[in-house]
Amino acid sequence: MGIRLCFPAILMMASLALVLAPLAARPTSAEETPKPAPEPEPARARPIYNVDLTDVSGREVSLVAFSRLSPSDHFVGYKGSAHIEVPYSKVREFRLQPPQRPGARRRAKILLRSGNEIEASFDEREGELLFSGYAQFGRVRIFFRDIRLLRIRGETRKEDFPRFGKPAAGVDARIVDRQGVSTELVGFRRRNGENVFQGIFGSMTIEVPLRIIKSVVMKPDEKLGKFAARVQLTGGKFVEYHVPTYEEKVLYGGDAEFGDFRLTMGDIRRLDVHRVTPRLSRVDPLRSAGEESPPGATPPRPGKQR
């Protein structure tokens, strides 16, 4: 049985064939080849700076890798009635003035690297932004509103970073508690979080890694109702700070000859560190105190610490 096509349909099919034939015969040019989607640009690292900082209490400290803990690398404020954003890369110095009344805008004098100075102001939202950097005694955090003077020396280089590294390792140490009882420990460490002692240094929060501590003496400060800590670092320098109330409840512990040992920060009266704990499964704390490695043990490999 044959298939019948009407004349209009035959004419339409013939016209379509005439249109498509040249396209099929013509080779595809390079310009018509679909281009691949462009690869996204890698995220650029935010600049970090070496600075000299004075807080509102008058404490002075030099920091490296100083930056604000937010995506923006700009000071955001006002110049007269205008809204301004000033990149920190253009700033040489900030001088912040005390607030005239609670909730009022703070004034700032900004010295640019060009040598020009501008007067600006900022509100509470800018003042509540947190900054972070590293001193020779550990990590420092401070709110922008608690800064009195900030001098930016330049961008931080790799060789500027402190040598204590990430505070992951525990330490072999002798603990004296508030009752005067002394205990030798292996792997003394913070039970939750990084192995640091945290305190208040002026208007700053500081974190001192256990691995750079030689000794700590803690005494009650009756005037403030908090503990005052005097920390001697392995290099011989001292740093003094107050222990905030919430840190007194933080749990520390280690391995004693008789088994597991735990106590709170508020129960510590003295800590004497012998060494960073080597990566060994079990060490006798009484025999190994002050020794590089216990008798018969394989010396730990550099960089392989717990």
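This talk describes the fold, the aromatic contacts, the strand pairing and the salt bridges of one protein chain.

Good morning, colleagues. Please keep in mind throughout that the model is predicted. I shall begin with the chain as a whole. The chain has 306 residues, and 39% of them count as buried. Its secondary structure consists of four helices and 20 strands. If we take the contacts between residues at least 6 apart in sequence, 57% of these join residues at least 24 apart. The accessible surface comes to about 19,200 Å², and carbon and sulfur atoms account for 52% of that area.

Let me turn to the aromatic residues. The structure holds 12 aromatic pairs. One of them brings together F75 and F94, whose ring centres are 5.6 Å apart. The planes of these two rings stand at 50°, so the pair is classed as tilted. Where do F75 and F94 lie in the chain? F75 belongs to strand β3, residues 74-79, and F94 to strand β5, residues 91-96. The pair therefore ties together parts that are 19 residues apart in sequence. Both F75 and F94 are buried.

F94 has a further partner in F144. Here the ring centres are 5.9 Å apart and the planes stand at 90°, so this pair is edge-to-face. The pair links distant parts of the chain, with F94 in strand β5 and F144 in the loop between β9 and β10, 50 residues apart. Are these two residues buried or exposed? F94 has a relative accessibility of 0% and counts as buried. F144, at 1% relative accessibility, also counts as buried. F75, F94 and F144 are members of one aromatic cluster, which also includes F66, Y88, F122 and F131.

Two arginines are placed over aromatic rings. The charged end of R59 sits over the ring of F201, 4.4 Å from its centre. R105 lies over the face of Y78, and the distance to the ring centre is 3.6 Å.

One residue in strand β2 deserves a brief remark. A65 lies in that strand, which covers residues 60-68. Its phi is near 55°, a positive value in a residue other than glycine. A65 counts as buried, at 9% relative accessibility.

I now come to the strand pairing around β15, β16 and β17. Strand β15, residues 213-221, pairs with strand β16, residues 226-233, in the antiparallel sense over eight bridges. Within this pairing, D221 stands opposite K226, and V216 has V231 as its bridge partner. The two strands form a hairpin with four residues between them. In the turn, G225 has a positive phi of about 70°.

On to the next strand. β16 also pairs with β17, residues 238-243, in the antiparallel sense, over six bridges. A228 stands opposite H242 in β17. These strands likewise form a hairpin with four residues between them, and G236 in the turn has a positive phi of about 105°. β15, for its part, has a further antiparallel pairing, with strand β20, residues 268-276, over three bridges. In that pairing, V217 stands opposite R270.

My last topic is charge. Side chains of opposite charge can pair when their charged atoms come close. How many salt bridges does a search of the whole structure find? The search finds 17. One of them joins E93 and R151, at 3.0 Å from N to O. E93 lies in strand β5 and R151 in strand β10, so this pair ties together parts that are 58 residues apart in sequence. E93 is buried, with a relative accessible area of 13%, whereas R151 is partly exposed, at 36%. Together with R95, E93 and R151 are linked in a network of salt bridges.

A second example returns us to the hairpin of β16 and β17. E240 forms a salt bridge with R230, and the closest N and O atoms are 2.5 Å apart. E240 is in strand β17 and R230 in strand β16, 10 residues apart. E240 counts as partly exposed at 42% relative accessibility, and R230 is partly exposed, with a relative accessible area of 38%. A third example is the salt bridge between E159 and R157, at 3.7 Å from N to O. E159 is exposed, with a relative accessible area of 56%.

To close, strand β5 has appeared in two settings: F94 in this strand pairs with F144 in a loop, and E93 in this strand pairs with R151 in strand β10. Thank you for your attention.

Methods:
Residues are numbered from 1 along each chain as its sequence is written. This is a predicted model: local features need pLDDT of at least 70, side-chain atom pairs count only at pLDDT 80 or more; totals for chains, interfaces and linings use all residues. Side-chain values use heavy atoms; hydrogens and water are left out. Buried means under 20% relative accessible area, exposed over 50%, partly exposed in between (1.4 Å probe, protein chains only). Contact means heavy atoms within 4.5 Å. Accessible areas come from the Shrake-Rupley method with a 1.4 Å probe; for residues, only the protein chains shown count as cover. Rings of Phe, Tyr and Trp (its six-membered ring) pair if their centres lie within 6.5 Å; planes under 30 degrees apart count as stacked, over 60 as edge-to-face and the rest as tilted. A charge sits over a ring if NZ of Lys or CZ of Arg is within 6 Å of the ring centre and within 35 degrees of the ring normal. Two strands pair if DSSP finds at least two bridges between them. A salt bridge is a side-chain nitrogen of Lys or Arg within 4 Å of a carboxyl oxygen of Asp or Glu.
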